[in-house]
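This report walks through one protein model, starting from single residues of a helix and moving outwards to the packing around that helix, a metal site and the fold as a whole.

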Amino acid sequence: MKAYLTRRYKFSASHRLHSDSMSDEENRSVYGKCNNPHGHGHNYTLEVTVAGQVEQKTGMICNLVDLDSFVQKNVVQHFDHENLNVLADFSATVPTTENLCIEVYNILEEGFHHASVEKVRMEETMLNSFEYAGGRELRT
Ligand code: NI
């Protein structure tokens with residue numbers, strides 16, 4: 001038996017989409033306005049889904065207090081009001097919301113052990129969202 005728990009969090013951060021492996025012209029052409037040197041901000045909505053057995057004693061997959069304190073301390077406080085481009089998390093990757101999902105997933109996968117991490121979903125705007133559920137093979 002496997003049950004799922006999804007919890008939402010919010011934080012704000014800025015980024016500039018720019019890849020060192022492309023020329024300035026390619027960057028402008030691929031990323032458009034998102035390549036603007038001054039960057040821009042988003043109010044991200046993060047959804048974390050964890051899975052596990054429902055414990056007989058508590059009737060829960062995991063305690064929300066444990067999930068909240070972990071995500072607040074290791075994800076929300078880590079990224080909130082930061083410039084994603086200068087964080088060590090993105091020293092080798094472009095801080096797209098795809099890669100932000102992967103970073104958040106990896107933080108959870110490494111440090112949160114009260115339930116198994118199933119999926120991370122990130123709303124960047126009203127019109128787009130991204131999901132990551134592990135198992136990435138880096139495309140080059
Ligand atoms: Ni953006």
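Gln 72 is found in helix H2, and in this predicted model the residue is partly exposed, with a relative accessible area of 34%. Leaving aside its neighbours within four places in sequence, Gln 72 is in contact with Tyr 9 and Gln 77. The C-alpha atom of Gln 72 is also separated by 9.8 Å from that of Phe 11, a residue 61 positions away along the chain.

Other residues of the helix have their own settings. Val 65, which also lies in helix H2, counts as exposed at 58% relative accessibility, a value that falls in this class because exposed means over 50%. Val 75 lies in helix H2 as well, yet at 0% relative accessibility Val 75 counts as buried. Phe 79, again in helix H2, is likewise buried, with a relative accessible area of 0%.

The table sets out C-alpha separations for four residues of the helix, each paired with a residue elsewhere in the sequence.

| Residue pair | Separation in sequence | C-alpha to C-alpha distance |
|---|---|---|
| Gln 72 and Phe 11 | 61 residues | 9.8 Å |
| Val 65 and Ala 92 | 27 residues | 33 Å |
| Val 75 and Tyr 105 | 30 residues | 9.7 Å |
| Phe 79 and Gly 52 | 27 residues | 27 Å |

The two buried residues can be described further through their contacts. Beyond the neighbours within four places in sequence, Val 75 is in contact with Leu 46, Phe 70, Val 104 and Ile 107. With the same neighbours left aside, Phe 79 is in contact with a list of residues that includes Phe 11, Ser 12 and Ala 13, as well as Leu 84, Leu 87, Asp 89 and Phe 90. The contacts of Phe 79 further include Leu 100, Glu 103, Val 104 and Ile 107, and these four residues belong to the part of H3 that meets H2.

What is the angle at which helix H2 and helix H3 pack? Helix H2, spanning residues 64-79, and helix H3, spanning residues 97-111, pack at an angle of about 150°, and their axes lie 11 Å apart. H2 is therefore roughly antiparallel to H3, since angles over 145 degrees are placed in that class. The crossing of the two helices is right-handed. On the H2 side the contact is formed by Phe 70, Val 71, Asn 74, Val 75, His 78 and Phe 79, which meet Leu 100, Glu 103, Val 104, Ile 107, Leu 108 and Gly 111 in H3. Sorted by class, this contact of H2 with H3 has eight nonpolar, three polar and one charged residues.

Past the end of H2, His 81 is placed in the loop between H2 and strand E3 (82-83). Although His 81 is not a glycine, it has a positive phi of about 55°. At 66% relative accessibility, His 81 counts as exposed.

Other histidines are found at the metal site. Which protein atoms are the donors of the nickel ion? They are the NE2 atoms of His 15, His 40 and His 42, lying 2.0 to 2.1 Å from the ion. Along the chain these donors follow the spacing H-x24-H-x1-H. The pair of His 15 and His 42 links distant parts of the chain, with His 15 in strand E1 (residues 3-15) and His 42 in strand E2 (residues 40-52), 27 residues apart. Both of these donors are buried, His 15 with a relative accessible area of 2% and His 42 at 12% relative accessibility; each is placed in this class because buried means under 20% relative accessible area.

The fold as a whole gives the setting for these details. The secondary structure of the protein comes to three helices and five strands, and from the N terminus on the elements run β-α-β-α-β-α-β-β. Taken along the principal axes, the C-alpha atoms fill a box of roughly 60 × 30 × 30 Å. Of the 140 residues in the protein, 41% are buried. Among the contacts with a separation of 6 or more, 69% are accounted for by residues 24 or more positions apart.

Technical notes:
Residues numbered from 1 in each chain as written. Predicted model: local features only at pLDDT ≥ 70, side-chain atom pairs only at ≥ 80, totals over all residues. Heavy atoms only, no water. Donors = N, O, S within 2.8 Å, 3.2 Å for Na, K, Ca; no water. Buried < 20%, exposed > 50% of the residue type's maximum accessible area, 1.4 Å probe, protein only. Axes fitted to C-alpha atoms, helices over the stretch in contact; angles between N-to-C directions. Parallel < 35°, antiparallel > 145°, perpendicular 65-115°, else oblique. Left-handed = near helix turned anticlockwise from the far one by under 90°. Contact = heavy atoms within 4.5 Å. Nonpolar A, V, L, I, M, F, W, Y, C, P; charged D, E, K, R; others polar.
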